[in-house]
Every structure is written in structure tokens, then in C-alpha cells.
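Good morning, and thank you for joining this group meeting. My topic today is charged side chains and their partners. Please look at the structure as I bring it up.

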Amino acid sequence: MAYIQNIFDKNFIEYASYVIRDRAIPDIEDGLKPVQRRILHTMFAMDDGRYNKVANVVGECMKYHPHGDASIGSALVVLANKELFIDKQGNFGNLYTGDGASAPRYIECRLKSLAKRVLHNPAITQFVPSYDGRNKEPVVFPAKLPVVLVIGAEGIAVGMSTNILSHNLKEVIQAEIACLKGEEFHLYPDCPTGGLIDVSDYQDGLGKIITRAKLDTKDPKRIVITELPFGSNSERLTESIVRAAKNGKIKATSVTDFTAEKVEIEIKLQRGVYAEDMVQSLYAFTDCEQSISCNLLVIKDNMPQVMTITEVIRHHSNQLVGILQQELELERSQLNDKLHLRTLERIFIEERIYKRIEEEKTEAAVHKAVISGFEPFKAELIRPVTEEDVEHLLKIPIRRISLYDINKNRQEVVAINKRLKEVAKLLKNLVAYAISWLEETLQEVEPELAKRRTEIKKFSAVDVREVVKRDMSLRYDGKTGYLGTGITTGYEQLQVTPYDRVLFVRKSGIYTVCQAPEKIFVDTGMWWCGLADKETLSKTLFTIVYRDPATLFCSIKRCRIEQFISNRDYPLVPDGMEILYISTDKNFRFKLHYVEKPRIKIREEEFSASDYEEKGARTLGVRLSNRETERLEVLKARSRSTASKAKAESKDEKAE
């Protein structure tokens, strides 16, 4: 058993690690998931400037990706619809409607120049063997921009998930420039479908946003949705509106989706209902308003790590400087090699060193003759002559030697030296060079990519409880003992909403608070039912008169119910007591009729509820009398005129 448990633990850990690092979570270095990286690597290898069938790209990518053509094809479509690195041709689906793309054999794609500028440099890219060992694939691309912020990412792994919203490319570049300059910057999401967002609680990429559709309410009898909320499509949005209309949440006669190249969802309103009146209901009861939580989880240093937007920008600013330094050092090395070869060629031809090899009989002797021929010119050389240099010189054709142009060689040397000075200067000012590179990239960004589509506004999420009207009848049937909104018999207690909580007091004196029920049994003879909100309960004073069945002595208790837990039963009186009367009238009067006994003249006594103090809900009552009570009679309140007349008669009697 222990052996099986160890195998299970080991395999699960390996599986979890694989899903986290190689499937669901993007890498901070290039912002790509493995399938996206393999697609772009395949397209770099196939790139000839022309469009390729997506089916061909998928087929080639299967050399690197072990999970089949369907996952590659869908990932390519999603990546292409980001419109950042892939130029597409054909039906790649519709972001607005949610329609899928055509089959891979019908659509074509090719790389954009931005992909080559930002990602592609095989000379400084680390490669590893593919899953079958036949090919090489990049570990990560040397990305010069924080791609993860531009394209965003969603992924669910074992025990963790990521939800990174997409940001505007122009704003990302500007933020990176500000970071390199040591200036303050702020970055907020931007969605291709437009809409409105409130970023008050964005928390640098770790909080949440409230997103809304953009509504056109110029016509008072209809509402037109012109832009979609973040991450939604017209089909889902239309379904939510139709569902709300069927449930009576919004007063609409028809909902029509005309979305194609632009968003247009028309909502025609009922007679007597106007557009401005329905805006809040649309935000409250449909997907026109949504709250999206963010979690910027990425793979960094081969481990999952939660980062902020600011940390990502700073990381990529340093990464950009490092990549540019690598490229410059590589270029300097290549220029030095080129300058060395041009110098060798000039000396080899001008000084006729090639003549020395005519009489040599062996390859070793030829090599030795060439190397010894350069001995007098060591001062002119950048580095010592190697065997590879000799091989290069021996491969120069006679035709080129005879037509050798010394002026052209000198011009090349001057150009190389000039570029070497420029490279040396750039290496001393890497941050300024990185800023200039970003500014040049910003100039090359397509206008559509640079344009912000989502409008940032300040608004609060609509509380459904504030918008919904109390139009559901909560009824109580005293014969069956049922209470609820689904009951058609009995008497209406109050008007409620589905979000209201109600408090009811049973015949036994037990009270309960619950969500407005559709149908619940509360027993016959329910004493009281009302809303369980703070405002209602704070104004409601309960007066309970109860009797001890053993002694027949009566007590009174006055309290307010302010604390409770939903769906739990609470007693208003001690266990075993008999409830005679419960009222929320603060000043009612009642009469106790006592059990008749010999030599006892007082058989009844009046009391006023207002004479007794209010106490806590858990306290015991106050005994009214030490007499055995037969029954309680509630006295009717006298009218103002009757009360005045009685008062006058009382004064006359005193005067007499």
C-alpha cells in the first residue's frame, strides 16, 4: 500500500508540475504558453513573406507539440485574433459574436514584422530538444516587450489559476519608457471589444475591475448596445437580456442582435417604459455589467509566481536592456570577425602570400606557408591567424583575386570601424539605447493596435437589491400553515423581492429569519411576519404575554430582534411556556381574566403594555400577577372623542 501511495504521490506531483509549467501558465520572459511559443517558432522557420495555410502551420508545429492538431489550431486562431504577431487572411471567427473560425485548410496566416522585431533572434535564444528528440525548440524567446500584458492570458492549472487582462500595446511601451526614465507610470486593461471599465480596485493587476457595455439611449423607446463588456460576446449578452426580460426584470418587447463587423444589439422597450429607466436594470440583471477578478500568475525562474503590473514592467525593462546588450556584443564580435577577415584578405592578396603555396606539396605545408606569410603583418591583425582563417583564404577563387578592388575593401573597413564605434557608444549608454529602441517601435505600431478601445470611467457596481422592485406577494394560508411567494390562497402579508429576508414568529413563539421563501411550513396560527432588514427590525418592538401552564401565572416581555443567524430557530419565551398574545403595538392595553375562586372578589385586571420596560431578546419576562389566569382579552383603543368625554366625566365626579 505504501508503495502504491508513493507512486501516486510522485506521479501527481509530476503531473501538477507539467500542467503548471508546460500547459496553462505563461512564462514571464516572453509572455507565451508553450503551444503559443511552438506556433511562433514554427512560423519563424516557415517564414518567406507569403501566407501559409493554417493547416500547414499546424502540421509543422506537431513536430514540437505533442498534443494533437486540434489544440494547435485553436491556439493559433486565438493568438491570431490578438492581432499582435500574426497577420491573418480568411475567416478567423468573430470576436464580437463568438463565431468560430473556418477549418484550418481554408484560412491563411503569416508573421508580422513586429513579431520578428520583438521575439526573433536565434543567435541569443536557448534551444532544447523537442519531445521526440528530432528537432530543437526554444526554451523562451528573448522578448523585448512584456507580451504577457499585451495579449493577456487565462489558464487553470492544478491548485492555481491565472487571469491576466490584455493591455494596450502603445500604453505598455510608454510605461516601459517611463520605467527606464525613472518616471511614475500607471497601466490599465484595454479590450478589443471596447466597453467601459472602472479600475478603482484594479490593485496593479491583482484586484478586480467592473466592466460595462456601452449603451446608446438617444432614442427614449429603445436601447442599443454598441460596445461589449470586457471578455463577453454578443450571443451571451443577448441571451442574458432575453432571460431577464422573460423573468420580468426588464420591460422589453424584443431583443435583436444585428452584430457583424460592429456591435449592435437593439432592445425595444414596452409602452410607458423609457430608456433611461431601464439602464440600471440592464446593468443589474444582465451581463451588461460584470465584475472580473485578476490574478497575474506567471512562470518566473521555472516557478509559478504572482506579480504586479509594475513588477512585470520593471522586469521587462531590465530584460530589454540585457537583450540589447547581448545583441550589441554579438554584433561587435561579428564585426570584429568581419574586419579581421577583410584585413587578412587584403594582406593575402596585396602581399601575394597566395604565391607561396604554389610549390608546396602537402596540406600541412600549405597551411604553414600561409601562416608564416602573415608573420611580418602581425601588428595589422586584430587577432592571431587560425586554421579556420586559412581555410577561408584558400577558398577565395582566382577570379576574385585577379579582380580584387582595394578601394572597395578600404570602404568596407571604414564602414565596419564606424559601426564598431557606434556599438561601443551604445554599450556605454544602454538605457538610452533601450528608450530609443522603444520609441522607434512605438512609431512602427499599427494605428489600430495603438488605439485604446476600452473607455476608463468611474462608476460603482449596481446593487441588484437597490434596483429590483418589491412586487412579489408573500402570502400566508392560516388553514394549511404555509407561507411563501408561491402560495395563491390565504392572505397577503407583504410585498417582497427575491433578495429580501423575512422574519416570522410561529404559534409556539419560535422566530426564524430566512430568504423570502417560495413555500415553507410555519404552522397554523402564525403571530407575525415582516422584513428582516435593519430599518424594519429597529422600529419593531415585540410585546409578548405568556402563561406558565403549571402555575397559570402570566408574564410580559418587551424586546427588539436585532441579532440572528439565517435559517436558525430562536425562542422568544422560555421553553414550555404558553403564548397568549404577541403584538408590535407599543401602547396597547389588555385585560387578564383570573380563575374564579371563593372569597376572591377581583376576577379581572387591566394592564398597559407601555408600563413595562424594553429588555433584551434573551431575557426573561416580568410577572404580571400572582393570580391564576384563565384568559387574556385585548382591549380596543378608544377614540379621541370618547376618551375626552370619559376624562370630563371623571373631573365632574371629583368635583362632586
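Let me begin with a definition: a salt bridge is a side-chain nitrogen of Lys or Arg within 4 Å of a carboxyl oxygen of Asp or Glu. Please keep in mind that this is a predicted model. With that definition, a search of the whole structure finds 37 salt bridges.

My opening example is the pair Glu628 and Lys597. The closest N and O atoms of this salt bridge are 3.4 Å apart. The pair links distant parts of the chain, 31 residues apart: Glu628 sits in the loop between β31 (622–623) and β32 (629–635), while Lys597 sits in the loop between β29 (589–594) and β30 (604–608). Glu628 counts as partly exposed, because its relative accessibility is 28%. Lys597 is also placed in the partly exposed class, at 43%.

I turn now to Arg342. Which side chains meet that of Arg342 in a salt bridge? One is Glu345, with an N to O distance of 3.4 Å. Glu345 and Arg342 both belong to helix α10 (residues 309–350), where three residues, about one turn of the helix, separate them. Glu345 is buried, since its relative accessible area is 2%. Arg342, at 18% relative accessibility, counts as buried too.

Another partner of Arg342 is Glu412, at 2.6 Å from N to O. Glu412 lies in helix α14 (residues 406–428) and Arg342 in helix α10, so this salt bridge ties together parts that are 70 residues apart in sequence. Glu412 is partly exposed, as its relative accessibility is 26%.

Salt bridges can also be joined to one another here: Arg117, Glu440 and Glu444 are linked in a network.

Next, consider a charged residue with no salt bridge. Lys557 is found in strand β26 (residues 554–559). How far away is the nearest side chain of opposite charge to Lys557? That side chain, Glu614, is 11 Å away, and Lys557 is buried yet has no salt bridge. What, then, does the side chain of Lys557 reach? It reaches the backbone oxygen of Ala617 at 2.6 Å. In addition, a polar atom of the Lys557 side chain lies 2.7 Å from the backbone oxygen of Leu572.

Finally, I come to the surface. Asp99, Glu235, Glu239 and Asp257 form a negative surface patch. Of these, Asp99 is placed in the loop between β2 (86–89) and β3 (108–111). Asp99 is partly exposed, because its relative accessible area is 47%.

Note on methods:
Residues numbered from 1 in each chain as written. Predicted model: local features only at pLDDT ≥ 70, side-chain atom pairs only at ≥ 80, totals over all residues. Heavy atoms only, no water. Patch = residues over 30% accessible without salt bridge, like charges linked within 9 Å, V, L, I, M, F, W, Y side chains within 5 Å. Areas by Shrake-Rupley, 256 points an atom, 1.4 Å probe, with all protein chains shown as cover. Lys, Arg positive; Asp, Glu negative; His and termini not counted. Charge placed at Lys NZ, Arg CZ, Asp CG, Glu CD. Helix = DSSP H or I, 4+ residues; strand = E, 2+ residues; numbered from the N terminus. Buried < 20%, exposed > 50% of the residue type's maximum accessible area, 1.4 Å probe, protein only. Polar contact = N/O pair within 3.5 Å; in protein donor to acceptor, adjacent residues only side chain to side chain.
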